[in-house]
Amino acid sequence: MVASVLTHPGGEAALEDLLRPEAAAPGATPEQRVVFCGVAWKRYLAFDKQLGDDRPGPRLYYVDGQLEIMTTSNEHERIKKWIGGFMDIYFDKTRVEIMPRGQATMRLALKEAGAEPDESWCIGPEKEFPDLVLEIALTSGGVDKLEVYRRFKVSEVWVWRRGKLEIFALGRTGTYAQSRKSRLLPGLDVALLERCVAIHSWQQPRQTFRAGLSNLRERRRPLSGPTTSNRNDSAPLPRER
């Protein structure tokens, strides 16, 4: 059906206009998301390979035959960079040992799940999959990201939505529960981070965030990492993009 629309005169432009989301705020262009259903795992892998490993976009998410294709925006990338920069400052200040994973592709063939997070980190030593992932969501819709990351046993999922950081922690029952504070990084001032993300400059928010950490007691996290393991020896290693 989509192919027939694209080959129809004017169809591609009409479809692009239809799928363009409304701006969340003046000058804040959101992402674009399209979800295709009934996509086999092998077709998802073939599509990703056809797009190329070093592409700037789009980003792909997959779970149970649903394939989300997402393109980002300037505002999406700004928020991702801001939060990533703040976390660099936080990890340096608190001496928490980490291994940044960025947008490394995550895949589990047996559980039919694939993701390309905005940012991700292993807390403590490097692991097969990250302990913490960040998703920027300026628009609604798309596949269920919590279900995707649950299959990788990611300890915490952070979602930036409507100017706030939503934190979801994986419990012993294997489901996520929303929390105001991070269990992995209990010293993180979430309200400070949110205030700094709202500052549209480069130096000022970083200086403000660093100043807000001035009284934070430095500590070194044990190299054993978080108590929730996300290792799966039967799964392939994530692919760097």
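This text goes through a predicted model, from its overall make-up to one sheet, its aromatic rings and its charged side chains.

The protein has 241 residues, and 47% of them count as buried. Its secondary structure consists of 7 helices and 11 strands. Among contacts with a separation of 6 or more, 65% are between residues 24 or more positions apart.

One part of the fold to look at is an open sheet of 5 strands. Strands of a sheet pair through backbone hydrogen bonds, either parallel or antiparallel. Here the pairing is antiparallel, and the strand order reads β1-β3-β2-β6-β5. The edges are formed by β1 (32–36) and β5 (106–108); each has a single partner strand, so one side of each has no neighbour in the sheet. On average, and with direction ignored, neighbouring strands of this sheet are turned by 15 degrees against each other. At the β5 edge, the partner is β6 (residues 113–115), which runs antiparallel to β5 and is joined to it by 3 bridges. Within this pairing, Gly114 in β6 has Arg107 opposite.

Helix α3, residues 41–51, packs on this sheet. The strands that α3 touches are β2 (59–63), β3 (66–71), β5 and β6. Relative to β2, the direction of α3 makes an angle of about 170 degrees.

The aromatic rings come next. A search of the whole structure gives 8 aromatic pairs. A pair of aromatic rings is described by the distance of the centres and the angle of the planes. For Trp41 and Tyr62, the centres are 5.3 Å apart and the planes stand at 70 degrees; the pair is edge-to-face because planes over 60 degrees apart are counted that way. Trp41 belongs to helix α3 and Tyr62 to strand β2, so this pair ties together parts that are 21 residues apart in sequence. Trp41 has a relative accessibility of 13% and counts as buried. Tyr62 is also buried, with a relative accessible area of 1%.

Tyr62 takes part in another ring pair, with Tyr44. Here the centres lie 4.7 Å apart and the planes are at 10 degrees, so the pair is stacked. Again helix α3 and strand β2 are linked: Tyr44 is in the helix, Tyr62 is in the strand, and 18 residues separate them. Both tyrosines of this pair are buried. Through ring pairs, Trp41, Tyr44 and Tyr62 form a cluster.

Rings also have charged groups placed over them. Over the ring of Trp82 sits the charged end of Arg78, at 5.2 Å from the ring centre. The ring of Tyr61 has the charged end of Lys145 over it, 4.5 Å from the centre.

Both of these charged residues reappear among the salt bridges. Side chains of opposite charge can pair when their charged atoms come close. The structure holds 14 salt bridges. In one of them, Arg78 meets Glu75 with an N to O distance of 3.1 Å. These two residues are 3 residues apart in helix α4 (residues 74–94), so about one helical turn separates them. Glu75 is buried at a relative accessible area of 14%. Arg78, at 14% relative accessibility, counts as buried.

Helix α4 holds another salt bridge, between Lys80 and Glu77, where N and O are 2.9 Å apart. Lys80 and Glu77 are 3 residues apart, about one turn of the helix. What is the accessibility class of each partner, Lys80 and Glu77? Lys80 is buried, its relative accessible area being 4%. Glu77, at 25%, is partly exposed, because the class of buried residues ends at 20% relative accessible area.

A further salt bridge joins the side chains of Lys127 and Asp131, with 2.8 Å from N to O. Lys127 has a relative accessible area of 18% and is buried. Asp131 is buried as well, with a relative accessible area of 0%. Elsewhere, salt bridges that share partners connect Glu31, Arg33, Glu68 and Lys145 into one network. Lys145 in this network is the residue whose charged end sits over the ring of Tyr61.

Definitions and conventions:
Residues are numbered from 1 along each chain as its sequence is written. This is a predicted model: local features need pLDDT of at least 70, side-chain atom pairs count only at pLDDT 80 or more; totals for chains, interfaces and linings use all residues. Side-chain values use heavy atoms; hydrogens and water are left out. Two strands pair if DSSP finds at least two bridges between them. Helices (H or I, at least four residues) and strands (E, at least two) are DSSP runs, numbered from the N terminus. Axes are lines fitted to C-alpha atoms, for helices over the stretch in contact, and angles run from 0 to 180 degrees between N-to-C directions. Contact means heavy atoms within 4.5 Å. Rings of Phe, Tyr and Trp (its six-membered ring) pair if their centres lie within 6.5 Å; planes under 30 degrees apart count as stacked, over 60 as edge-to-face and the rest as tilted. Buried means under 20% relative accessible area, exposed over 50%, partly exposed in between (1.4 Å probe, protein chains only). A charge sits over a ring if NZ of Lys or CZ of Arg is within 6 Å of the ring centre and within 35 degrees of the ring normal. A salt bridge is a side-chain nitrogen of Lys or Arg within 4 Å of a carboxyl oxygen of Asp or Glu.
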